[in-house]
Amino acid sequence: MEDLSRRTVLALSAIGGAAVASGAASAATFGNPDEPAEGAINSTPGALSNPGPQNPALEAQIPAFQNPPPTDVGNMPMMWSSFNIMPKRVQAGGWARQITATEFPAAKEVSGVNMRLGPGGVREMHWHLAGEWALMTNGRCRITVLDKEGHPYVRDVGPGDLWFFPAGYPHSLQGLGPDGCEFLIVFDDAFQSEYNTLLLTDWIAHTPPNVLAQNFGVPAETFRNIPLHDLWIFQGQEPPPLSIDQAAVASGGAPAEPFTFSLTATTPVKQNEAGEVHLADSRTFKASKTIAAAIETIRPGALRRMHWHPNADEWQYWIKGKGRMTVFNTGPRAQTIDFQAGDLGVVPKSQGHFIENTGDEDVQVLAVFRAPEYQEVDLSDWLTHAPPELVAQHLNIDPAVIARFPKGQVGIQPR
């Protein structure tokens, strides 16, 4: 901790010293546009110092908050959160942690759950008031669901696979051997909680015995050993081979559309030496009517280009790597935030943003939208499809140079 604090002070002193040595950077210049000027380059070592109470380990997680670029301006809602700071609820079969709009007010359209099921661990049979979309990140899981026509669906899913259960569709999840599974759940309601679901055992335990007997056509004594408390995540027995479970429910027929989809097995919609983007929305994953999503892989030094989404907020789950995102809004307002694996980010609808890979490994980010289709506007694509002389008058750039800007939705730009 002491070494980290010393390095921070030395770095800030060097920045401030450079500003003093040059007579302080001039305001309203390229890369330093504001009056009054923003950023450490316009300050002094004495003004940059922070002699008060500090938590260096926490400060180091988001360096951009300690030393924002001089192009940042104005105030914006906190658009960062992290599963890494959320408490886990742990039971015999696994654990879960969640972030709803209660914990992350900037996330106004969806909520998220990170869940782990051990081998044989069962997420109790249940349903939700919201639709459930999920991405498998580790291991193997068996999912079951029943649609509104009474058609059952049973499948095994692995890393890169998705599932979607519309609101009210009853389902279950079970970790498979030898490693169990881990996944991200996204609900299409920002306040939907994993700890507030409609559970099979809860309803059975809170229904009079005579009603249970009449409903199921068996003696009331049949239910005398039911659990009196919900199971939520419990340790179950390893299920039989998939074919056996599928045969057991085959008489119910098959649903019109599958409730699972292999996202990472699709052909990337954007791909070059700087990275790739895999996309799933209602045009390809037809069961997912309310959630669209993309996995973006950004190579070291590459840039997820300047763009925005006109139809929905972007809710991000950072799967691996280290990166830095800047968000632009009216005002002007601009804020830069650092992200690492397990973090969440939000970009409100139509606000411009870009992501830089600041680490030495690939960044992989899941971008989720509460919308049936993915939509994007690329800044360079817009400028190259506007009259060149018009753009030139805005930016004071030769139209011949503007003609060299990348055209189309390239997605990821090399270093």
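1. Two strands count as paired if DSSP finds at least two bridges between them. Keep that cut-off in mind for strand β3 (residues 94–99) and β4: six bridges join them, and they run antiparallel. The model is predicted, and every value below is computed from it.

2. Start with the whole protein. There are 415 residues, and 45% of them count as buried. The C-alpha trace spans about 90 × 55 × 35 Å along its principal axes. The secondary structure comes to ten helices and 26 strands.

3. Next, the contacts. Take those between residues at least 6 apart in sequence. Of these, 76% join residues at least 24 apart.

4. The surface and the charges come next. The accessible surface is about 20,300 Å². Carbon and sulfur atoms account for 57% of that area. Negative side chains number 44 and positive ones 29. The centres of the two sets lie 2 Å apart.

5. Now look at one open sheet. It has seven strands, in the order β2-β3-β4-β11-β6-β9-β14, and the pairing is antiparallel. Its edges are β2 (89–91) and β14 (260–262), each of which pairs on one side only. Neighbouring strands in this sheet are turned by 20 degrees against each other on average, direction ignored. As a general point, strands of a sheet pair through backbone hydrogen bonds, either parallel or antiparallel.

6. Which strands flank β4 in this sheet? The order places β3 on one side and β11 on the other. Six bridges link β4 to β3. Strand β4 (residues 111–117) is also joined to β11 (residues 181–187), over seven bridges in the antiparallel sense.

7. Why is β4 described as largely enclosed by the rest of the structure? Buried means under 20% relative accessible area. Six of the seven residues of β4 are buried, so the strand is largely enclosed.

8. Finally, trace individual partners across the sheet. R116 in β4 is a good place to begin. W95 stands opposite R116. In β11, the bridge partner of R116 is E182. A further pair between β4 and β11 can be followed from N114. Which residue of β11 is the bridge partner of N114? That partner is L184.

Definitions and conventions: Residues numbered from 1 in each chain as written. Predicted model: local features only at pLDDT ≥ 70, side-chain atom pairs only at ≥ 80, totals over all residues. Heavy atoms only, no water. Helix = DSSP H or I, 4+ residues; strand = E, 2+ residues; numbered from the N terminus. Buried < 20%, exposed > 50% of the residue type's maximum accessible area, 1.4 Å probe, protein only. Contact = heavy atoms within 4.5 Å. Areas by Shrake-Rupley, 256 points an atom, 1.4 Å probe, with all protein chains shown as cover. Lys, Arg positive; Asp, Glu negative; His and termini not counted. Charge placed at Lys NZ, Arg CZ, Asp CG, Glu CD. Axes fitted to C-alpha atoms, helices over the stretch in contact; angles between N-to-C directions.
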